[in-house]
Structure formats: C-alpha cells, structure tokens
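This report describes a protein chain for a reader who is meeting its architecture for the first time. The sequence and the structure are shown below, and the text then moves from a single residue to the sheet and the helices around it.

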Amino acid sequence: MSDVQNLFDLTGKVAIVTGGASGLGKYYSQALLDAGADVFVVSRSKKGWQGLQDFAAQRGRKVAFFTQDLTADGAANRVIREFKQTFPTLDILINNAGVQIRNDLVAYKDDDWQKVIDVNLNALYYLSHEAAKVMIEQKSGKIINIGSMQSFRAGKFIYPYAASKHGVIGLTKAYADALAPYGIQVNSLAPGYIDTDMTKALQEDDVRNTEILNHIPAGHWAKPSELVGTIVYLSSAASNYVTGATIPVDGGYLLR
Ligand code: NAP
C-alpha cells in the first residue's frame, strides 16, 4: 500500500455509527468496513442489520449491534458501556441518527419540536460527550456529525430540523476547539439532497422536486454512495489536520 493509500486505511480502527444499519447510515457503516474498520451500530430497530452482518462477514470484519433509543435517559452511558465490553478502543463516532417531521408553522406541535431536537441535537451531544471522555484518555479519535443543507439554510415546514442541524455545526466547532489538544478531530458532513426514504415525499412533490433540481448545479439528487468518500476521509488519518469543519457534499447546492 502506498503512503497515500495508507492515509485512508482504517484497518484496526473501531467505529460507532448511530442509525448505522439502515438509510444513509448503512452506507457509512459499509464504507468503514470496506476501509478496514469494525463497526458498532446503535438504533432502535434491527432494520437492515442482517444485510450489514453479511456485508461484514464477506470482508472478515466484525460488527456488533446495540438496540437503544438514543433519546432515552442514560442512553449515551449505556452505549459506551456496552461498546467497551466488545471493543478495546473507540476511534470513530459517526452521529448519524436523525429524524425529520414536516408541518405548517402554526400547526407545528410542541411534541414534534421536542422529538426532533431530542434525536438530532440532544442525543448527538450526550453521545459525543461520553465518547469524548474515552477519546481524551486515548488521546485520539474522530467525531463526525451529520448536518444537512438545513445547517445553512431555512427549513420551511421543518423548523426543529433546521434548528437542530444549525446546532450540529455549532457543537461541531465548540467540540473541535476543546478536543484538538487531545489529538481528536470533530467535523461535520452536510449531505445535500439525497435519494432516500427521508426525501421520498419531496421527490414525489413535482413542484418542489423541480425547484430542487433547478437549484443543484450537478443537476441530480445524490446517490448515497456519493457521500461515503467524505466519511472515510473524515474518519481517517488523511484528515488529521482538519477540525471544526463542515463539508457540504451537495453537488454545489449551496452555491446558488
Ligand atoms: P433514515 O433512513 O430515517 O434513518 C435514520 C436512522 O436513525 C435509522 O437507522 C434510525 O433507526 C435511526 N434513529 C432514528 N431515531 C433514533 C433514536 N431515537 N435512537 C436511535 N436511533 C434512531 O434517515 P436518513 O435519510 O438515512 O438520514 C440519516 C441522517 O442523515 C440524519 O441525521 C439526516 O438528518 C441526515 N440527512 C439526510 C438527508 C437525506 O437526503 N436523506 C439529507 C441530509 C441529511 P431506528 O428507526 O431503528 O431507530
């Protein structure tokens, strides 16, 4: 392997990926496995888990699953405790679990505001906090938070989603600053418009779909596979001098 290939190699590394067996998280887990890492997945249901196990087995990699609602009291503590029983080090945390609830402004329910903030921001904070304690002792680690185009722009109908994703960038910067002296990098990936279940309603809305496509210089919704290079980069030694950054992977959406 060349020196440059070595920079991206994750052999011997271990990652926690929240929501890592389904949706976009599955692609992140698969990319990390492909690059040589072992993966510990946390989510409420085992959707997609069998497929991820098969993928790991074909590559001789280890995966583990922990069923946990990340918004439950004490969840972050339990995740890290369980993780440590299986794996010796925590090299990478990918805070991917997220939810979106759409509604008109006046009709927006307090409960829905709370649900979205709890998953997208509070759970991300609590898990990062517990993971940081482990990484500070190791004096190494990578935390990757998943933002969104709504980390930068207004999110009509998805008010708590926009607030939480803006918050993700703020927390990324604050944690990056505090953890850099320990050799820990904290960055965010902000996906653009990706063809997934979460965006199905939007893609099926002809008016919005056309608006969105007209706004993307690259001219198409991204495939999930178009995000994974950035995940591997931010997880690997190739990004050791990059911290506090949010990388949009958006086909140029933010340029317009
Ligand atoms: P998805 O298909 O709905 O997947 C969300 C994942 O999060 C699932 O694995 C889900 O598993 C897990 N999750 C949700 N609530 C949880 C909870 N309380 N505790 C533990 N796990 C929980 O969504 P996605 O499209 O893959 O989105 C993943 C991330 O990318 C989110 O942060 C989202 O905001 C962001 N993003 C997506 C897009 C897009 O176009 N799809 C664009 C920009 C950003 P369980 O339901 O089993 O718990």
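Is G141 buried or exposed? The model is predicted, and the answer is taken from its atoms. G141 counts as buried because its relative accessibility is 7%, and buried means under 20%.

**The surroundings of G141**

G141 belongs to strand β5. Leaving aside residues up to four places away in sequence, G141 touches D91, M135, G183, I184 and Q185. One of these residues, I184, is 43 residues away from G141 along the chain, yet the C-alpha atoms of the two are separated by 4.6 Å.

The whole of β5 shares this buried character: six of its six residues are buried, so the strand is largely enclosed by the rest of the structure. In a regular strand, the side chains alternate between the two faces of the sheet. In β5, G141, I143 and N145 point one way, while K142, I144 and I146 point the other way, and all are buried.

**The sheet**

What is the order of the strands in the sheet? The sheet is open and has seven strands, in the order β3-β2-β1-β4-β5-β6-β7, with parallel pairing. Its edge strands are β3 (63-67) and β7 (246-249), each of which pairs on one side only. On average, and with direction ignored, neighbouring strands of this sheet are turned by 20° against each other.

Strands of a sheet pair through backbone hydrogen bonds, either parallel or antiparallel. Two pairings may be followed here. Strand β1 (residues 14-18) runs parallel to strand β4 (residues 92-95), and three bridges join them. Within this arrangement, V17 stands opposite I94 in β4. On β5, the residue opposite I94 is I144. The pairing of β4 with β5 is also in the parallel sense, over four bridges.

**Helices on the sheet**

Helix α3 (residues 49-58) packs on the sheet and touches β2 (38-43) and β3, its direction making about 160° with that of β3. Helix α6 (residues 159-179) lies across β5 (141-146), β6 (184-191) and β7, and runs at about 160° to β6.

**Helix α2 and its partners**

Helix α2 packs with α3 and with α9, and the two packings are set out in the table.

| Helix pair | Angle | Separation of axes |
|---|---|---|
| α2 and α3 | about 10° | 10 Å |
| α2 and α9 | about 55° | 9 Å |

The angle between α2 and α3 is about 10°. That makes α2 roughly parallel to α3, because angles under 35 degrees count as roughly parallel. Their contact is made by K26, S29, Q30, L33 and D34 of α2 together with L52, F55 and A56 of α3. By class, the contact of α2 with α3 has four nonpolar, two polar and two charged residues.

One of the residues in this contact is Q30, which is found in helix α2 (residues 23-34). When residues up to four places away in sequence are not counted, Q30 touches L52 and F55. Q30 has a relative accessible area of 18% and is therefore buried, since the limit for this class is under 20%.

The angle between α2 and helix α9 (residues 228-235) is about 55°. That makes α2 oblique to α9. The crossing in which α2 passes α9 is right-handed. In this contact, Y27, Y28, A31 and L32 in α2 meet V228, I231, V232 and S235 in α9. The residues of the contact divide into seven nonpolar, one polar and no charged.

**Two loop residues with positive phi**

Which residues other than glycine have a positive phi? K139 has a phi near 65°, and F157 has a phi near 80°. K139 lies in the loop between α5 (110-138) and β5. K139 counts as exposed because its relative accessibility is 58%, and exposed means over 50%. F157 is found in the loop between β5 and α6. At 29% relative accessibility, F157 counts as partly exposed.

Methods: Residues are numbered from 1 along each chain as its sequence is written. This is a predicted model: local features need pLDDT of at least 70, side-chain atom pairs count only at pLDDT 80 or more; totals for chains, interfaces and linings use all residues. Side-chain values use heavy atoms; hydrogens and water are left out. Helices (H or I, at least four residues) and strands (E, at least two) are DSSP runs, numbered from the N terminus. Buried means under 20% relative accessible area, exposed over 50%, partly exposed in between (1.4 Å probe, protein chains only). Contact means heavy atoms within 4.5 Å. Axes are lines fitted to C-alpha atoms, for helices over the stretch in contact, and angles run from 0 to 180 degrees between N-to-C directions. Angles under 35 degrees count as roughly parallel, over 145 as roughly antiparallel, 65 to 115 as roughly perpendicular and the rest as oblique. A crossing is left-handed if the near helix is turned anticlockwise from the far one by less than a right angle, and right-handed if clockwise. Ala, Val, Leu, Ile, Met, Phe, Trp, Tyr, Cys and Pro count as nonpolar, Asp, Glu, Lys and Arg as charged, and the others, Gly among them, as polar. Two strands pair if DSSP finds at least two bridges between them.
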